[in-house]
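Visitor: I am new to this structure. Please show it to me, and then I will ask how each term is justified.

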Amino acid sequence: MRLLIVGNMGYVGPSLVRHLRTAFPGSELIGYDAGYFAHCLTGAPTTPEILLNRQHFGDVRDLPEELLIGVDGVIQLAAVSNDPMGNRFEAVTSAINYESSVAIAKRALAAGARRFVFASSCSMYGAAAGGPRVESDPLNPLTAYARSKVAAENALSQLEPGGAVVTSLRFSTACGMSDRLRLDLVLNDFVACAVSSGEITVLSDGTPWRPLIDVADMARAIEWALTRDPSDGGNYLAVNVGSDEWNYQVKDLAFAVSRAVPGTKVSINENAPADKRSYRVDFSTYRKLAPRHQPKVDLDQSIRQLKQGLIRMNFRDENFRGSHYMRLKVLESHIEAKRLTESLRWTQQG
Ligand SMILES: NC(=O)c1ccc[n+]([C@@H]2O[C@H](COP(=O)([O-])OP(=O)(O)OC[C@H]3O[C@@H](n4cnc5c(N)ncnc54)[C@H](O)[C@@H]3O)[C@@H](O)[C@H]2O)c1
């Protein structure tokens, strides 16, 4: 089996590649990435791309046709991948996350791929008062990032895949250790605060709900999407990926981290304006369709692995919220140094 992983050099990609190498030992794994975060390795003993058969560098807006030849499955991770980056690069976010994802899906299916997996996001539920959201509930995307995922899903659902299988995995907020660790994610941020300063500052009032998933379990979900039987769920499926036990309020996450890193103080901003991005998610469809690929990592394990990873990296930066552990900062520093343009294209210096 030949698999093309688009956007493999970010936070999720390294865990995914490691997982696919084990799950499909004889497979040919090809990576394609612009390399915005290629240098952001975090304590990895080797570059994670060593597990691939080939790494290609390029932009999703001009993926070469030859990379699609003979490919059985495409996993589309490449994205402007969070709200702060989406707000800063709004038009580019739509071009990369929506237009390019759909164009690649169409081209891959036309070239004969049988599987297309799209990394979508539960953030499309936006502000969702009431019970946990199911897949058929109305979507309420509040940001450019969430809107780009909704637009991509809408277009993917309209494709005529023939016998191919297209799956949009609506991932919970990711967390956990990675060879390219990012700290612009709620749980990772809290563990980094605890390890570097012994104090977690919760920027909101702590009440918003966030479903979480460890990167290792995201990889298992992608394996499922590459192998699932289309008679369960159909040739096109959009499904929430996570587990009911991992619907947490932000303050519960902070206290769980403070228990795992003894001596950590938690300060909550009781006067913060209500954070609109609050949603609980129902994962019963995923539980029913993917009983053998359910999340395995529990919260304490994820926190422990992050803590160990940060200690291994000798992580001490109390001001990391302004550092290159935040993806937006990395893109901005490329632009400042004139390596990237405002459209996130490499320049001659890049
Ligand atoms: N991290 C999360 O919490 C989370 C949650 C739900 C869904 N997702 C989705 O999962 C996917 C992977 O997330 P991640 O955390 O690894 O993101 P990331 O930003 O760490 O990695 C994305 C990768 O895509 C590449 N990329 C971006 N634009 C590109 C372009 N124009 N051409 C080629 N490559 C490009 C980047 O270089 C990077 O290596 C994304 O689609 C994201 O939206 C992530």
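Visitor: Which helix and strands each supply at least two residues of the shell around the ligand?

Guide: Strand S5 (115-121), helix H4 (144-158) and strand S7 (173-175) do. Helices (H or I, at least four residues) and strands (E, at least two) are DSSP runs, numbered from the N terminus. This is a predicted model: local features need pLDDT of at least 70, side-chain atom pairs count only at pLDDT 80 or more, and totals for chains, interfaces and linings use all residues. Residues are numbered from 1 along each chain as its sequence is written, and side-chain values use heavy atoms, with hydrogens and water left out.

Visitor: What makes the pair of serine 81 and the ligand a polar contact?

Guide: A polar contact with the ligand is a pair of N or O atoms within 3.5 Å; within protein, one must also be able to donate a hydrogen and the other to accept it, and residues adjacent in sequence count only if both atoms are side-chain atoms. A polar side-chain atom of serine 81 lies 2.6 Å from an oxygen atom of the ligand, so the pair meets the cut-off. For aspartate 59, a polar side-chain atom is 3.1 Å from a nitrogen atom of the ligand.

Visitor: Why is strand S6 called largely enclosed?

Guide: Seven of the seven residues of S6 (residues 165-171) are buried, so the rest of the structure largely encloses this strand. Buried means under 20% relative accessible area, exposed over 50%, and partly exposed in between (1.4 Å probe, protein chains only). Both faces are covered, with Val165, Thr167, Leu169 and Phe171 on one side and Val166, Ser168 and Arg170 on the other.

Visitor: How do you know that S5 and S6 pair?

Guide: Two strands pair if DSSP finds at least two bridges between them. Seven bridges join S5 to S6, which run parallel, so the requirement is met. On S6, arginine 170 stands opposite serine 120.

Visitor: What makes glutamate 153 and arginine 170 a salt bridge?

Guide: A salt bridge is a side-chain nitrogen of Lys or Arg within 4 Å of a carboxyl oxygen of Asp or Glu. Here the N to O distance is 2.6 Å, so the pair qualifies. Glutamate 153 lies in helix H4 and arginine 170 in strand S6, so parts 17 residues apart in sequence are tied together. Both residues are buried.

Visitor: Why is glutamate 332 called partly exposed?

Guide: Glutamate 332 has a relative accessible area of 25%, so this residue falls between the cut-offs for buried and exposed.
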